[in-house]
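These are my notebook entries on one protein model, set down in the order in which I looked things up. The sequence and structure come before the entries.

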Amino acid sequence: MNVSETIGTTTQTSRRTVKAVLGCGEHDRLSASFLTGLRCSHRWSCVPDGVFSRVRASLQRKQPRFNFSQQFIPAGYKELSIPANPLGTGKDRWRLDPNALHLWPRGQFMMIAQPNHDGSFSCTLFMPFSREHSPTGSFDMLKTEVDVLSFFKDQFSDAIPLLPTLLKDWFARPVSPLCTVRCSPFNYGGAALLIGDAAHAIVPFYGQGCNAAFEDCVLLDELWKEHDGSTDAIFRAFSAQRKPHVDAIGELAVEHYHVSCNPITAIFLAVHK
Ligand SMILES: Cc1cc2nc3c(=O)[nH]c(=O)nc-3n(C[C@H](O)[C@H](O)[C@H](O)COP(=O)(O)OP(=O)(O)OC[C@H]3O[C@@H](n4cnc5c(N)ncnc54)[C@H](O)[C@@H]3O)c2cc1C
């Protein structure tokens with residue numbers, strides 16, 4: 001919040017940007033066009049537009065020697081819901097222990113459930129898209145209601161009573177991909193700076209994606225004071241200092257996926273936590 005106030009970033013929640021155009025030449029600027037027809041251009045911008053960042057795509061075209069890689073893992077994810085217990089009061093509103101991360105490790109795939117304040121759990125199934133990566137369970141093997149139910153009976157039978165809307169959720173919700181994004185530099189001179197997932201998306205298995213984005217804000221705040229508001233110096237220093245740290249956490253996150261899926265190492269992980 002402090003950084004956002006200091007550097008004057010704007011939050012656009014109701015207007016989706018359709019185009020981000022980086023200007024060239026003496027008056028380099030980031031211009032944004034909105035679906036509403038509004039266009040705007042700022043002297044400089046910090047851009048947190050997520051893993052499939054449009055501004056990063058503009059940087060790829062405009063920035064000479066811009067490094068970029070996007071590495072998908074074989075697994076994707078589907079979100080399912082464990083609702084609150086409508087008859088429960090106090091701690092009984094949660095159908096599982098609300099002070100724990102619940103993990104169903106199954107080798108090549110796993111399901112997790114995380115508690116919400118209202119008594120429900122957000123449940124996520126991480127699993128390879130294709131059976132070639134996981135013959136015992138993959139999204140492409142589960143096409144019909146019978147497929148899904150028999151898979152859950154085999155693999156997660158204890159979770160079935162917790163998932164009353166399993167079939168509805170399964171067919172209504174997409175399977176989303178997971179990838180690690182690496183790029184450098186994060187800045188376009190002093191005109192634009194990518195932050196958060198736009199600069200360094202990581203797979204979620206270390207639970208550090210949000211933290212990495214918050215760390216960006218802390219560093220930006222420090223550099224802002226140190227360089228007295230010169231965005232050229234701030235953005236360059238940010239890019240150089242942040243890169244090794246986000247690369248390291250990105251690698252750990254992919255390694256941790258394999259550890260979490262393994263039923264043996266998952267037990268040690270749970271005990272350790
Ligand atoms: C399944 C899953 C589980 C996760 N679990 C965890 C966890 O337990 N802990 C953790 O720390 N992290 C977790 N993460 C990672 C975390 O969600 C991200 O690291 C974090 O949300 C990154 O924040 P961000 O603001 O950079 O990007 P986002 O949260 O993706 O925000 C980007 C915003 O930009 C907007 N946007 C995109 N394009 C445009 C456009 N063209 N115009 C206008 N707006 C646009 C989007 O609508 C969105 O609001 C998880 C991720 C996934 C996929």
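Entry 1, a term to settle beforehand. I take two strands as paired if DSSP finds at least two bridges between them. I note also that the model is a predicted one.

Entry 2, the hairpin. I looked up strand E2 (residues 30-34) and strand E3 (residues 39-42), and found them paired in the antiparallel sense over 4 bridges. The two strands make a hairpin, with 4 residues between E2 and E3. In the turn I noted Gly 37, whose phi is positive at about 100°. As one example of the pairing, I recorded that Leu 30 has His 42 in E3 as its bridge partner.

Entry 3, overall content and confidence. I counted 8 helices and 11 strands in the secondary structure of the protein. Of its 273 residues, 29% are buried. Among the contacts with a separation of 6 or more, 61% are between residues 24 or more positions apart. I read an average pLDDT of 88 for the protein, with 88% of the residues scoring at least 70. Residues 1-11 have a pLDDT below 50, and I found 11 contacts for this stretch in the model beyond near neighbours in sequence.

Entry 4, the sheet of 5 strands. I traced an open sheet in the order E6-E7-E8-E5-E9, with antiparallel pairing. Why do E6 and E9 each have one side without a neighbour in the sheet? Strand E6 (102-105) and strand E9 (176-184) stand at the edges with a single partner strand each, so one side of each is left free of a neighbour in the sheet. From one strand to the next, I obtained an average twist of 25°. Within this sheet I looked more closely at strand E7 (residues 110-115) and strand E8 (residues 121-128), which pair in the antiparallel sense over 6 bridges. Gln 114 has Ser 122 in E8 as its bridge partner. I then noted that helix H7 (residues 231-261) lies across strand E5 (67-82), E6, E7 and E9, and that H7 runs at about 155° to E9.

Entry 5, one residue of an edge strand. I selected His 102, which lies in strand E6. Is His 102 buried, exposed or partly exposed? I counted 17 C-beta neighbours inside 10 Å, and therefore list His 102 as partly exposed; the buried class needs 20 or more, and the exposed class 12 or fewer. Leaving aside neighbours within four places in sequence, I found His 102 in contact with Leu 96, Ile 112 and Ala 113. I also computed the separation of the C-alpha atoms of His 102 and Cys 123 as 9.0 Å, these residues being 21 apart along the chain.

Entry 6, the sheet of 3 strands. I traced a further open sheet, in the order E4-E11-E10, with mixed pairing. Its edge strands are strand E4 (45-47) and strand E10 (187-188), each of which pairs on one side only. E4 and strand E11 (residues 192-194) run parallel and are joined by 3 bridges. In E11, I identified Leu 194 as the bridge partner of Val 47. Helix H2 (residues 54-62) lies across E4, E10 and E11, and I recorded about 120° between H2 and E11.

Entry 7, the shell around the ligand. Which residues come nearest to the ligand? Of the 19 residues around the ligand, I list Thr 17, Gly 50, Gly 196, Gly 209 and Cys 210 as nearest. Helix H5 (197-200) and helix H6 (209-226) are the elements giving two or more residues to the shell. H6 has the largest share, with 4 residues. By type, I sorted the shell residues into 6 nonpolar, 9 polar and 4 charged.

Notes. Residues numbered from 1 in each chain as written. Predicted model: local features only at pLDDT ≥ 70, side-chain atom pairs only at ≥ 80, totals over all residues. Axes fitted to C-alpha atoms, helices over the stretch in contact; angles between N-to-C directions. Contact = placed C-beta atoms within 7 Å. pLDDT = per-residue confidence, 0-100. Near = placed C-beta within 6 Å. Nonpolar A, V, L, I, M, F, W, Y, C, P; charged D, E, K, R; others polar.
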